[in-house]
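Trainee: I have a new structure open and I don't know where to begin. Could you walk me through it?
Mentor: Gladly; let us look at it together.

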Amino acid sequence: MNAGVQKSLLNKKMKLRLSVDDIFLTNHWEGKLQYQNVNLQVVNRYTSRRASFSLSYNFGNQNVKSARNRNTATDDLKNRAN
């Protein structure tokens with residue numbers, strides 16, 4: 001199980017994030033081998049729990065201007081034909 005939280009600050013220009021992977025430390029590998037007189041059982045547990053913290057900041061103007069309405073030569077010809 002993984003979990004994380006995010007918080008926006010400074011008019012949504014800054015974001016703080018905190019996340020944790022494998023909260024309950026359940027990630028492991030198990031294997032069994034049975035062949036003739038050989039019985040082998042392997043359990044591999046490793047530290048897979050991890051926490052991360054990130055900070056991001058957006059510089060500049062956050063408002064995107066709409067595209068200009070441009071007329072092309074083809075539009076001009078269409079208007080003349082009508």
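Trainee: Let's start with the surface. Which residues make the nonpolar surface patch?
Mentor: Bearing in mind that this is a predicted model, the patch is made by Trp29, Leu33, Tyr35, Val38, Leu40, Val42 and Tyr46, and its area is about 690 Å².

Trainee: Which elements give two or more residues to that patch?
Mentor: Those are β3, which covers 28-35, and β4, which covers 38-45.

Trainee: How do β3 and β4 run, and how many bridges join them?
Mentor: They run antiparallel, and eight bridges join β3 to β4. One position to look for is Leu33, which stands opposite Leu40 in β4; Leu33 and Leu40 are also among the residues of the nonpolar patch.

Trainee: And what sits between those two strands?
Mentor: β3 and β4 form a hairpin with two residues between them, and in that turn Gln36 has a positive phi of about 50 degrees.

Trainee: Why point out a positive phi?
Mentor: It is worth pointing out because most residues other than glycine have a negative phi.

Trainee: Back to the patch for a second. Is Tyr35 buried or exposed?
Mentor: Tyr35, which is found in strand β3, counts as exposed because its relative accessibility is 53% and the cut-off for exposed is over 50%.

Trainee: OK, zooming out. What does the secondary structure come to?
Mentor: The protein has one helix and five strands, and from the N terminus on the elements run β-β-β-β-β-α.

Trainee: How does β1 pair up?
Mentor: Strand β1, residues 3-9, runs antiparallel to strand β2, residues 14-21, and seven bridges join the two. As an example, Ala3 stands opposite Val20 in β2. The two strands form a hairpin with four residues between them, and Leu10 in the turn has a positive phi of about 50 degrees.

Trainee: Where is Lys12, then?
Mentor: Lys12 lies in the loop between β1 and β2, and although Lys12 is not a glycine, its phi is positive, at about 65 degrees. Lys12 is exposed, with a relative accessible area of 66%.

Trainee: What about Asp22, is it buried or exposed?
Mentor: Asp22 counts as buried, because its relative accessibility is 7% and buried means under 20%. Asp22 is found in the loop between β2 and β3, and its phi, near 50 degrees, is a positive value in a residue other than glycine.

Trainee: Which other strand is β2 joined to?
Mentor: Eight bridges join β2 to strand β5, residues 50-57, and these two strands run antiparallel. Within that pairing, Leu18 has Phe53 in β5 as its bridge partner.

Trainee: Switching to charges: how many salt bridges are there?
Mentor: The count comes to one salt bridge, in which the side chains of Arg50 and Asp21 meet at 3.0 Å, N to O. The pair links distant parts of the chain, with Arg50 in strand β5 and Asp21 in strand β2, 29 residues apart.

Trainee: How accessible are those two?
Mentor: Arg50 counts as exposed, at 52% relative accessibility, whereas Asp21 counts as partly exposed, at 22%.

Trainee: And how many aromatic pairs are there?
Mentor: The count comes to one aromatic pair. The rings of Tyr57 and Phe59 have their centres 4.8 Å apart and their planes at 70 degrees, so the pair is edge-to-face.

Trainee: Which angle cut-off makes that edge-to-face?
Mentor: Planes over 60 degrees apart count as edge-to-face. As for accessibility, Tyr57 is partly exposed, with a relative accessible area of 37%, while Phe59 is exposed, with 72%.

Trainee: Last topic, the whole protein. How much of it counts as buried?
Mentor: Of its 82 residues, 5% count as buried. The accessible surface of the protein comes to about 8100 Å², and 50% of that surface belongs to carbon and sulfur atoms.

Trainee: And what about contacts between residues that are far along the chain from each other?
Mentor: If you take the contacts between residues at least 6 apart in sequence, 43% of them join residues at least 24 apart.

Note on methods:
Residues numbered from 1 in each chain as written. Predicted model: local features only at pLDDT ≥ 70, side-chain atom pairs only at ≥ 80, totals over all residues. Heavy atoms only, no water. Patch = residues over 30% accessible without salt bridge, like charges linked within 9 Å, V, L, I, M, F, W, Y side chains within 5 Å. Areas by Shrake-Rupley, 256 points an atom, 1.4 Å probe, with all protein chains shown as cover. Salt bridge = Lys/Arg side-chain N within 4 Å of Asp/Glu carboxyl O. Buried < 20%, exposed > 50% of the residue type's maximum accessible area, 1.4 Å probe, protein only. Phe/Tyr/Trp six-rings, centres within 6.5 Å; stacked < 30°, edge-to-face > 60°. Pairing = 2+ DSSP bridges. Contact = heavy atoms within 4.5 Å.
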